[in-house]
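This report covers one helix pair and one pocket. Please look over the structure before reading on.

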Amino acid sequence: MMEKLLIICVFVGIIHMIETLAYSVRLAGLKTRKLVVALSLFNIIVIVSRTANMVQAPLTGKLGDAVQSKKDLPVLLHQLQTILLAASIGTIAGALLIPSFVSIFSRMISHLEVAGSVPKMMKNITSIHTLEKAKKHVKRPRWIMLSQLRIGGVPKRLLLLNLMATTIYTVGVLSTLYASTLEPTLSKSILMSSGLINGLAMITLAVFVDPQVAILTEKVMKGESTKQSMNKMVGTLVISRLCGTVCAQILLVPAALYIAWICKLIP
């Protein structure tokens with residue numbers, strides 16, 4: 001069971017690391033002045049996240065299947081909390097990798113332009129010579145970056161919405177899994193509600209958060225705003241995302257109880 005939990009945590013960490021790095025794609029696009037190419041190229045990296053999610057989802061479901069009685073609930077709760085901890089660690093890892101990612105991803109965009117296709121680009125960048133040169137683009141995070149991340153200039157409502165969406169997205173599936181073990185007779189209806197919960201998080205991100213980031217990106221591209229403001233926006237969004245994964249720990253049990261209660265009310 002411990003090996004299975006470790007595998008789940010690794011996959012969850014990778015998922016949240018890639019989703020955190022997604023914030024910095026626009027920085028790479030601004031650096032190269034090729035934003036559309038950057039967003040398109042990042043979709044390839046997202047495939048890794050989607051694959052990890054497909055693998056860990058049934059494994060996580062198996063944790064719930066292992067619950068045979070109420071006595072097993074504390075063990076399941078501890079496992080779910082460990083998974084949420086992995087989400088926070090993955091987010092921190094993604095934040096620390098942002099400077100290196102922007103530099104390396106910018107080079108990948110240049111390689112894609114020269115190669116003309118993704119397969120040719122992958123062939124070129126996986127050569128020993130190119131991989132050795134990639135070491136030069138690895139950058140350590142500096143404390144001065146944190147000192148520049150004052151909330152001033154970044155809408156507080158945007159950060160709050162991003163925090164809420166991240167919390168819901170992070171805890172949604174796990175809370176429904178825990179709720180299904182609390183109310184075994186309603187397990188099917190509870191598990192089916194996870195899509196609705198995650199849908200609310202995706203709608204919040206798509207309608208309220210992403211457009212604000214896109215607008216600021218366009219302003220920077222046109223010279224109406226500075227790159228410093230974009231760096232601050234990305235940095236504060238990453239911090240609010242990390243806070244969201246921490247809030248997910250707090251809301252795991254209350255969310256599970258709420259979901260079970262709502263499903264009881266459904267006739």
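## Helix 2 against helix 4

Helix 2 passes helix 4 in a right-handed crossing. The model is predicted. Helix 2 spans residues 25-32, and helix 4 spans residues 73-115. Their axes come within 9 Å and cross at roughly 55°. That angle is neither under 35 degrees nor in the range 65 to 115, so helix 2 and helix 4 are oblique to each other.

## Contact residues

Which residues of helix 2 meet helix 4? They are Val25, Leu27, Ala28, Lys31 and Thr32. On the helix 4 side, the partners are Phe101, Val102, Ser103, Phe105, Ser106 and Ile109. By class, this contact has 7 nonpolar, 3 polar and 1 charged residues.

## The largest pocket

How much space lies in the largest pocket? The volume is about 1300 Å³. The lining has 49 residues. Closest to the pocket centre are Ile15, Glu19, Arg50, Tyr169 and Met202.

Several helices give two or more residues each to this lining. Helix 1 (2-21), helix 2, helix 3 (35-65) and helix 4 are among them. Further along the chain come helix 8 (156-182), helix 9 (187-192), helix 10 (194-222) and helix 11 (227-265). Helix 2 and helix 4 thus appear in this list as well as in the crossing.

## Make-up of the lining

Helix 3 gives the largest share of the lining, 13 residues. By class, the lining of the largest pocket has 27 nonpolar, 16 polar and 6 charged residues.

Definitions and conventions
Residues are numbered from 1 along each chain as its sequence is written. This is a predicted model: local features need pLDDT of at least 70, side-chain atom pairs count only at pLDDT 80 or more; totals for chains, interfaces and linings use all residues. Side-chain values use heavy atoms; hydrogens and water are left out. Axes are lines fitted to C-alpha atoms, for helices over the stretch in contact, and angles run from 0 to 180 degrees between N-to-C directions. Helices (H or I, at least four residues) and strands (E, at least two) are DSSP runs, numbered from the N terminus. Angles under 35 degrees count as roughly parallel, over 145 as roughly antiparallel, 65 to 115 as roughly perpendicular and the rest as oblique. A crossing is left-handed if the near helix is turned anticlockwise from the far one by less than a right angle, and right-handed if clockwise. Contact means heavy atoms within 4.5 Å. Ala, Val, Leu, Ile, Met, Phe, Trp, Tyr, Cys and Pro count as nonpolar, Asp, Glu, Lys and Arg as charged, and the others, Gly among them, as polar. On a 1 Å grid over the protein atoms alone, a cavity is a set of points where a 1.4 Å probe fits but cannot get out, and a pocket is an open set with protein on both sides within 12 Å along at least five of seven lines; lining residues have an atom within 4 Å of a point. Grid points are joined across faces, edges and corners, and a volume is the space filled by probe spheres set on the points.
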